[in-house]
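Subject: Structure for your review

Hello,

The structure is below, as promised. My notes on its domains and on one of the contacts between them follow.

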Amino acid sequence: MKRQIFTEDHDAFRETVRTFLTKEVAPHYEQWEKDGIVSRDAWRAAGKQGLLGLAVPEEYGGGGEPDFRYSAVLAEEFTRAGAAGLAIGLHNDIIGPYLTTLGTDEQKRRWLPGFCSGEIITAIAMTEPGAGSDLQGIRTTAEDRGDHWILNGSKTFISNGILADLVIVVAKTTPEGGAHGLSLLVVERGMEGFERGRNLDKIGQKSQDTAELFFNDVRVPKENLLGELNGAFVHLMTHLAQERMGIAVAGIAAAEHLLEITSQYVKEREAFGRPLSKLQHIRFEIAEMATECAVTRAFLDRCIADHSAGELDAVHASMAKWWATELQKRVADRCLQLHGGYGYMTEYRVAKAFTDGRIQTIYGGTTEIMKEIIGRSLLG
């Protein structure tokens with residue numbers, strides 16, 4: 001089915017993204033995977049190409065284009081290229097809205113130009129060793145000292161944790177914490193007491209630096225409070241729909257691409273004297289996955305259009321996130337199986353997609369949390 005949500009401008013942008021991936025990412029990606037981190041040069045190249053800060057107002061160096069469909073194009077093309085390490089979606093679609101909607105004029109002037117140029121790489125630090133999806137369990141504290149905060153605590157599984165120059169930290173600013181006692185503080189590279197731990201060794205997305213962060217009596221200026229004091233819970237809930245949509249878009253794009261390369265593989269690979277594609281079981285497997293992808297694509301494109309129009313609610317974003325990522329996981333497993341022993345070899349794209357994509361049902365809110373959100377909306 002021909003997709004109907006994109007215009008000629010989106011198609012032209014897709015070609016720009018593909019050219020960037022071919023020239024600036026593909027030649028270096030294998031080395032980044034070995035290094036466990038991407039080059040800062042790639043971030044600056046992305047900024048120069050206009051891929052960073054798509055929705056940031058032009059006065060700060062951004063694209064001035066809030067249309068989420070451009071972000072969807074980025075997510076789809078990076079997924080098809082297998083380039084999960086360069087976390088532009090995190091930068092643009094998750095952290096960007098916090099800075100543009102919550103930042104003061106002074107904060108925007110200070111941070112957004114570098115955000116758009118690639119000179120300032122960003123991260124958001126919510127997860128702690130003892131608190132994942134449950135924000136009520138956050139233990140990192142920020143004590144009011146008049147003209148500054150004293151920040152203490154630790155975070156883990158922080159994407160861009162090693163590279164980040166600017167980290168939005170969720171911390172308790174009241175003894176109780178929870179829904180009415182959390183705030184967002186911006187910690188900048190070089191602040192005394194801000195330390196980075198290990199670049200964590202993951203089973204997939206090897207080139208995406210994921211780290212532990214430690215805050216030991218970090219002096220955070222009052223002007224680095226982002227948004228309302230004790231308002232972090234509401235701020236976080238407001239922007240989760242876009243985060244989940246970005247993950248969902250990558251999920252369906254990954255499933256479709258895996259189906260595409262596996263369909264080609266079974267046409268070429270022979271068993272028992274004929275191509276695998278001549279076996280009924282193989283045709284049934286491909287038919288089932290193709291149908292599941294087509295149905296999911298129709299729903300996702302509707303969600304993309306709704307979100308671009310500012311009409312997508314948290315419930316449908318949660319539906320999109322859990323369904324698309326679980327589909328991605330199933331399709332990756334089935335496609336690896338259809339590749340046989342070759343599917344277990346890292347030189348084959350399906351093997352990398354299998355490990356890179358496994359996190360999709362976990363970060364951004366687990367499948368179980370998504371179902372809880374949906375269930376509560378229906379049953380109270």
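Buried area, as used here, is the accessible area, taken with a 1.4 Å probe, that two parts lose on being put together, summed over both. By that reckoning, domain 2 and domain 3 of this predicted model bury about 1,000 Å² between them. Carbon and sulfur atoms carry 69% of that area.

The domains in question come from a division of the chain into domain 1 (8–120), domain 2 (123–228) and domain 3 (233–379). The contact between the latter two draws on 16 residues from domain 2 and eleven residues from domain 3. Their centres, taken over C-alpha atoms, are 31 Å apart.

As for polar interactions, two residue pairs are in polar contact between domain 2 and domain 3, both at pLDDT 80 or more. On the side of domain 2 that touches domain 3 there are nine nonpolar, five polar and two charged residues. The count of salt bridges between domain 2 and domain 3 is zero.

UniProt has two domain annotations to set beside this, both from an unreviewed entry:

- Residues 7–119 are listed as "Acyl-CoA dehydrogenase/oxidase N-terminal". In the model this span is 66% helix and 0% strand, with 31 Å between its end C-alpha atoms.
- Residues 236–379 are listed as "Acyl-CoA dehydrogenase/oxidase C-terminal". Here the model gives 75% helix and 3% strand, and the end C-alpha atoms lie 23 Å apart.

Regards

Terms used: Residues are numbered from 1 along each chain as its sequence is written. This is a predicted model: local features need pLDDT of at least 70, side-chain atom pairs count only at pLDDT 80 or more; totals for chains, interfaces and linings use all residues. Side-chain values use heavy atoms; hydrogens and water are left out. UniProt positions are given in the numbering used here, feature names are shortened, and annotations may be inferred rather than shown by experiment. Helices (H or I, at least four residues) and strands (E, at least two) are DSSP runs, numbered from the N terminus. Domain bounds come from an automatic or database domain assignment. Contact means heavy atoms within 4.5 Å. A salt bridge is a side-chain nitrogen of Lys or Arg within 4 Å of a carboxyl oxygen of Asp or Glu. A polar contact is a pair of N or O atoms within 3.5 Å; within protein, one must be able to donate a hydrogen and the other to accept it, and residues adjacent in sequence count only if both atoms are side-chain atoms. Ala, Val, Leu, Ile, Met, Phe, Trp, Tyr, Cys and Pro count as nonpolar, Asp, Glu, Lys and Arg as charged, and the others, Gly among them, as polar.
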